[in-house]
Number of protein chains: 2
Amino acid sequence: MKLYQRYAEEIADLIRTQVLRPGDRLPSVRQARRSRQISASTVFEAYYLLEARGLVQARPRSGYYVNAIQPSSEPGTALPAAQSAVVEISDLVFEVLGSTRNPDLAPLGSAFPSPLLFPLEKLARGLTPAMRRLAPERLTEYLTIGDEQLRRQITRRYGVEGLGIDAQELVITNGAMEALNLCLQAVTAPGDVVAVESPTFYAALQALERLNLRAVEVATHPRHGIELDSLAEVLQRHPVKACWFMPSFQNPLGSLMPQQNRQALVELLARHQVPLIEDDVYGELYFGLHRPLPAKAYDRQGWVMHCSSFSKSLAPGYRVGWVAAGRFARQVQRLKLMSTLSTAIPPQLALADFLHSGGFDRHLRQMRQTLAERQALALQLIADHFPPGTRVTRPEGGYFLWAELPPAVDALRLQQLALEQGISVAPGHLFSADQRFSHHLRLNYGHPDLDRLKSAMPVIGRLASGLCGFE
Amino acid sequence: MKLYQRYAEEIADLIRTQVLRPGDRLPSVRQARRSRQISASTVFEAYYLLEARGLVQARPRSGYYVNAIQPSSEPGTALPAAQSAVVEISDLVFEVLGSTRNPDLAPLGSAFPSPLLFPLEKLARGLTPAMRRLAPERLTEYLTIGDEQLRRQITRRYGVEGLGIDAQELVITNGAMEALNLCLQAVTAPGDVVAVESPTFYAALQALERLNLRAVEVATHPRHGIELDSLAEVLQRHPVKACWFMPSFQNPLGSLMPQQNRQALVELLARHQVPLIEDDVYGELYFGLHRPLPAKAYDRQGWVMHCSSFSKSLAPGYRVGWVAAGRFARQVQRLKLMSTLSTAIPPQLALADFLHSGGFDRHLRQMRQTLAERQALALQLIADHFPPGTRVTRPEGGYFLWAELPPAVDALRLQQLALEQGISVAPGHLFSADQRFSHHLRLNYGHPDLDRLKSAMPVIGRLASGLCGFE
């Protein structure tokens, strides 16, 4: 991280922790130079960055001021359904996803970041040499748990961040999706109840549906994630067999559970002997100073099954994910062997080499910066073009915004109209078993190129305005 | 195929169809030259090959004679259990497989052919250029069904062989194992009954166990595969929801269902509206003149779910398989999306290019020849070293032998003793839900190198002899 980025992050932290409040003036260039021993240009670069992220604004001949945080502009915590429910969402999900497959669409409904954000050429270059180095005998050795070098790189990385994972616990999977499904299978039987966030990622709902599980929703704050009180109540009232949560940059909310909440979450679940399936696929896409430490870091008794992948952070299409399943590691390993045997070797070796070369962190720094800037742009476009009453999240990482439109807007109708204009969006209906997020959208600011983002957002805003009677 | 190979195959077919019977003299070189317009050396090469495969033998100064087929040397059709059974085999399978992981063992218990039989260097060379050609946008397009070029290559190949598959029906999977599991999930619910061969591949039993399905076994002839009478009876007596069969070179028997039986099988199951999950992973490893046409080729009503892969024929470790699931294609596609999203792209593209280049058939010709020669050697070693009363299959493809030892031999004990001598074998216990193949071994002649095969087989024979009281 460069000096101006570090300084910008420090200021952003002061704003987040309300040491600097809306309307406060940032330190002048002169003050900053003196107190921090940094150059004027470093200070300016830092402030430009903060401005791009929507946290501050320049006032002519006066300086930089902290932006008003408009509390009403953030969606509230949704009240989840009290009952557990059989999940029947797949038909709708397939219908909506099916209609958005056209590559000519502006992909604001996509679940993926733009492939152009990844070092694809470098990764491709590594494939042949990685496979050439492999001794043929290794190909038919027992490879269910995955390549040893890759597992070592992954555990080393976690270790540096403060999360100790036993290499024996780790299983390489066909993307995080397989990891999550294996975890779910390892700890549930048909008919069991699983707790999910509200709203939650539709693929989690589909996984429950596939395994004939029931979903019970837990209230989830758009900024802080799982409400622990709500979870405690759910655990009292339902025979919950597992929780499937995304503590970091939840899909679709983008919420980030504070570290103390993660610790409390892990302790609460351990007391109830309920496994936590932690989906951490966006953990590396933070805009702050530090990677949020996964809930797994607070796991003393092995109840946390930590899942992640490179699909969103480094290598889409390589389908390399992993799981550290704690006390369930052995079951997960067996299920992996029985369902897909092992994960393809060429992508594993190429990624192991890439990580070894140190290219991952360099790439991530750039990607985070790009995503943060795009988020600022997307928020500005929403402020400028969406109908009055729109509320939107302001996540500290990832590439999704969650917009709550005026109740008059039917998101499925909006999705149809947007499609006709060559734009895909993800309607809120997909993110709950009872489809009650009916005037909500998940918007992907990390996939469309800048020009398309700039041209598509006003169209969505105009269509939404039309649906609620504004011009 | 070379001229001498073609001539050898014709003679082999005459022996198989009993036009030439045991003790008959093969055409003399002079006769053959005259009737077939081939050179003397071609005739000799063909006869050497037939001799290597154990079908004929030279008698000094007399010519080549068809070997006696010893009916008693082939295992009989085992009588399957009449009841369906809950499957609980996994612990044993994991225990046995776990003990054979050591790469220093002579791997006669392996399920894989030797990695040295594959064009690994050529495949590795293709990875980087294949990925470089990919437009980045393609990476996040809808890729659940798999790469279009690869799907076209696979359907083209089937088309040439006489099996028409709609490209829309085909889904690329993480090896055949995933394909088979997706099929099973698409057509069953927990508690359902699935018909399998007797004996059957332990991974099929594990898949049933994982999905809480019951197994009912169908009598299976060591040479002709499924006994249709037995199947008809099973269908009458049990509410069978699916059949999981391997018509070509069944694991472990190596049996090959005659084409007319395949057609009758497909028609019988269509009448009962029972889906056939056809596991065809060994279909390309035939020693005869033609690839056995899959059962899928006789499917008029879409009840056949055809599964295969490149793992045993071209690219171990690349984890590229496929399924053409007939009327269940849509369900399978959805299950794939929900469980592992899509299959890794680099291996798919490299294999598509390799197939396009025509390298596959060249490689297969060589591999089949090697396997046929090794089978002849392995059979000779069994004849020379195994205890009297041993019966063994003589498959027309693949790389497994199924040996029925004298009843006094406990195969699990033999497996232990062999391990102590640095040799792995697969005990018959693994191949049935009730573990009744207790004096049987599956022996892999396609994995160990020749020297190891030559040194290991006499050891196994000696140990088996010891266990049944011979010296």
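Mentor: Buried area is the accessible area (1.4 Å probe) that two parts lose on being put together, summed over both. Keep in mind that this is a predicted model, where local features need pLDDT of at least 70 and side-chain atom pairs pLDDT 80 or more, while totals for chains, interfaces and linings use all residues, and side-chain values rest on heavy atoms, with hydrogens and water left out. Residues are numbered from 1 along each chain as its sequence is written, with chains lettered from A and ligands numbered from 1 in the order in which they are written.

Trainee: OK, so what is the area buried between chain B and chain A?

Mentor: Start with who takes part: 51 residues from chain B and 51 residues from chain A are in the contact (heavy atoms within 4.5 Å). Carbon and sulfur atoms give 66% of the buried area. The total comes to about 4800 Å².

Trainee: Which residues of chain B lose the most area to chain A?

Mentor: Look for three side by side in the ranking, which together make up 14% of what the chain B side buries. They are B:Phe94, B:Arg210 and B:Met338.

Trainee: Which element of chain B do the buried residues of α4(A) pack against?

Mentor: In helix α4 (residues 90-99) of chain A, the buried residues (under 20% relative accessible area with a 1.4 Å probe, protein chains only) include A:Leu92, A:Phe94 and A:Val96. Helices here are DSSP runs of H or I with at least four residues, strands are E runs with at least two, and both are numbered from the N terminus. Within chain A, the partners of those buried residues are α9 (202-210), α15 (411-420) and β16 (426-427). From chain B comes α11 (329-339).

Trainee: How many disulfides does a search of the whole structure find?

Mentor: A disulfide needs two cysteine sulfur atoms within 2.5 Å. A:Cys307 has its closest cysteine sulfur, that of A:Cys183, at 3.6 Å, so it is too far for a bond. For A:Cys243 the closest one is also in A:Cys183, but at 13 Å. Over all chains the count is 0.

Trainee: Which element gives the largest share of the lining of the largest cavity?

Mentor: A cavity is a set of points on a 1 Å grid over the protein atoms alone where a 1.4 Å probe fits but cannot get out, and lining residues have an atom within 4 Å of a point. The structure holds 9 cavities of 30 Å³ or more, and the largest has a volume, the space filled by probe spheres set on the points, of about 140 Å³. Its lining has 16 residues, with B:Arg157 and B:Trp322 among those nearest the centre. The largest share, 4 residues, is from α6(B).

Trainee: Is B:Pro199 buried or exposed?

Mentor: B:Pro199 sits in the loop between β6 (193-198) and α8 (202-210) of chain B. Beyond its neighbours within four places in sequence, B:Pro199 touches residues including B:Pro252, B:Trp402 and B:Phe437. Its relative accessible area is 2%, so it counts as buried.

Trainee: And what is omega for the cis bond that joins A:Ser198 and A:Pro199?

Mentor: A:Pro199 lies in the loop between β6 (193-198) and α9 of chain A. The peptide bond there is cis, with omega about -5 degrees.

Trainee: What is phi of A:Arg319?

Mentor: A:Arg319 is in the loop between β11 (304-309) and β12 (321-324) of chain A, and it is buried at 5% relative accessibility. Although it is not a glycine, its phi is positive, about 50 degrees.

Technical notes. On a 1 Å grid over the protein atoms alone, a cavity is a set of points where a 1.4 Å probe fits but cannot get out, and a pocket is an open set with protein on both sides within 12 Å along at least five of seven lines; lining residues have an atom within 4 Å of a point. Buried means under 20% relative accessible area, exposed over 50%, partly exposed in between (1.4 Å probe, protein chains only).
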